[in-house]
Amino acid sequence: MGKILENLNLTMIAGLILALIIIFTVPANAEMVQGIMRWLHLFFGITWIGLLYYFNFVQIPTMPKVPAELKPGISKFIAPSALFYFRWAAAFTVLTGLIVAYLAGYAHESLTLQDPYRLIGIGMWLGLIMAFNVWFVIWPNQKRALGLVEADDASKAKSARTAMLFSRTNTLLSIAMLYCMINFNGG
């Protein structure tokens with residue numbers, strides 16, 4: 001078992017196998033495709049929001065305390081890797097969420113904020129705004145701030161601040177978004 005747990009890919013495969021065993025042997029309360037999409041939506045959402053909270057609760061506040069000679073370890077290795085999973089988890093969270101809403105038959109009603117789908121619709125719009133921020137504000141600015149694309153020091157500093165402010169905006173929006181998602185019980 002140690003060999004499996006020492007390797008992230010093997011751990012993920014073992015977890016997927018366990019999930020598939022459960023999916024095919026224990027009936028769910030929903031149609032199988034919708035149940036799988038809800039599960040994937042939750043998985044990607046946890047990954048996305050978990051990384052959002054990591055950046056805002058751990059990395060951003062800790063970076064000023066990190067000695068200068070150690071900062072490249074974070075900015076050249078940890079942050080780019082975390083940002084890869086962060087942005088793709090955002091994209092797949094939105095995609096699977098829209099599929100769940102479509103399969104459950106409330107995609108249009110929720111996106112147009114109609115009753116009784118207004119609560120989930122607000123959550124969906126907050127998630128869409130957050131995903132837009134990830135792909136079109138945070139990521140382009142982080143590429144400059146981390147030196148992944150060419151930028152002068154002033155541009156890097158400005159980009160770092162912009163990325164941080166939009167990341168904090170997403171943290172703010174996520175609190176209400178999570179309320180909407182958790183408390184809608186429409187399927």
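Colleague: Where does the chain take a positive phi?

Modeller: At Gly105, just after helix α4, phi is about 85°. Keep in mind that this is a predicted model, where local features need pLDDT of at least 70, side-chain atom pairs count only at pLDDT 80 or more, and totals for chains, interfaces and linings use all residues. Residues are numbered from 1 along each chain as its sequence is written, and side-chain values use heavy atoms, leaving out hydrogens and water.

Colleague: How many helices and strands are there?

Modeller: Helices (H or I, at least four residues) and strands (E, at least two) are DSSP runs, numbered from the N terminus. Here the protein chain has 7 helices and 0 strands, giving the pattern α-α-α-α-α-α-α along the sequence.

Colleague: What span is expected for α4, and what does it reach?

Modeller: The expected span of a helix is 1.5 Å times one less than its number of residues. With 34 residues (71-104), α4 reaches 47 Å from first C-alpha to last, close to the expected 50 Å.

Colleague: Where does α4 bend?

Modeller: A bend at a residue is the angle between axes fitted to the seven residues ending there and the seven starting there. In α4 the bend is about 35° at Ile78, and Pro80 follows within four residues.

Colleague: What share of the residues is buried?

Modeller: Buried means under 20% relative accessible area (1.4 Å probe, protein chains only). Of the 187 residues in the protein chain, 32% count as buried.

Colleague: And what are the spans of the C-alpha trace?

Modeller: Along its principal axes, the C-alpha trace of the protein chain spans about 55 × 50 × 25 Å.

Technical notes
Buried means under 20% relative accessible area, exposed over 50%, partly exposed in between (1.4 Å probe, protein chains only).
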